[in-house]
Amino acid sequence: MLGSVVDRLEPRQDRVKIEALLGPSLDTPYFENTGRDLIYILGPERDSFFGIDSEWLLIWLDDSGHFARYGVNID
């Protein structure tokens, strides 16, 4: 499921288009030091026996406000 979502992210997409696709970004201090522009919780950690941490989708925009890259982090 995540793969199909990130496959739809393209360099020409701005914040409005990304939020139309994924919904509003969460307002949270998680990963604040990463400089990410948008953040979404994906759910419990997948590759863990206990799954006590959560996976997060982080999205960065370039200087013109368009999609630059994404990453999946665990907290």
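## Strand pairing

Two strands count as paired if DSSP finds at least two bridges between them. With that in mind, let's look at the sheet of this predicted model. Strand E1 and strand E2, residues 54-61, are joined by 6 bridges and run antiparallel. Along this pairing, proline 44 stands opposite serine 54 in E2.

The full sheet is open and holds 3 strands in the order E1-E2-E3, with antiparallel pairing. Strand E1 (38-44) and E3 are the edge strands, each pairing on one side only. From one strand to the next, the twist averages 20°.

## Confidence along the chain

Before going further, a word on how far the predictor trusts its own model. The average pLDDT over the chain is 89, and 92% of the residues score at least 70. Among the elements of the chain, helix H2 (residues 15-22) has the highest mean pLDDT, 96, while helix H1 (residues 2-6) has the lowest, 82.

## Helix H1 and serine 4

Helix H1 is home to serine 4. Is serine 4 buried, partly exposed or exposed? Its relative accessible area is 46%, so serine 4 is partly exposed; the range for that class lies between the 20% cut-off for buried and the 50% cut-off for exposed.

Serine 4 also gives a handy distance to check in your viewer. Its C-alpha atom is separated by 27 Å from that of asparagine 33, and the two residues are 29 apart along the chain.

## Two salt bridges

Side chains of opposite charge can pair when their charged atoms come close. In this model the count comes to 2 salt bridges.

One of them links the side chains of glutamate 10 and arginine 12, with an N to O distance of 2.6 Å. Glutamate 10 is partly exposed because its relative accessibility is 28%, whereas arginine 12, at 60%, counts as exposed.

In the other, the side chains of arginine 15 and glutamate 19 meet at 3.8 Å, N to O; the cut-off for this contact is 4 Å. Why are these two residues separated by about one helical turn? Arginine 15 and glutamate 19 are 4 residues apart in helix H2, and therefore about one turn of the helix separates them. Arginine 15 has a relative accessible area of 36%, so it is partly exposed. Glutamate 19 is partly exposed too, because its relative accessibility is 23%.

## Phenylalanine 31 in the loop

Next comes a residue with a backbone angle you may want to look at. Phenylalanine 31 lies in the loop between H2 and E1. Phenylalanine 31 is not a glycine, yet it has a positive phi of about 60°.

What about its side of the solvent question? Phenylalanine 31 has 15% relative accessibility and therefore counts as buried, since that class covers values under 20%.

## A nonpolar patch on the surface

Which residues form a nonpolar patch on the surface? They are Leu42, Tyr70 and Val72, and together they have about 240 Å² of accessible area.

Tyrosine 70 can be placed within the sheet as well: it sits in strand E3, residues 67-74, and E3 is one of the edge strands. At 39% relative accessibility, tyrosine 70 counts as partly exposed. That value fits the patch, because patch residues need over 30% relative accessible area.

Technical notes
Residues are numbered from 1 along each chain as its sequence is written. This is a predicted model: local features need pLDDT of at least 70, side-chain atom pairs count only at pLDDT 80 or more; totals for chains, interfaces and linings use all residues. Side-chain values use heavy atoms; hydrogens and water are left out. Patches are made of residues with over 30% relative accessible area and no salt bridge: like charges are joined within 9 Å, nonpolar side chains (Val, Leu, Ile, Met, Phe, Trp, Tyr) within 5 Å. Accessible areas come from the Shrake-Rupley method with a 1.4 Å probe; for residues, only the protein chains shown count as cover. Buried means under 20% relative accessible area, exposed over 50%, partly exposed in between (1.4 Å probe, protein chains only). pLDDT is the predictor's confidence in each residue, from 0 to 100. Axes are lines fitted to C-alpha atoms, for helices over the stretch in contact, and angles run from 0 to 180 degrees between N-to-C directions.
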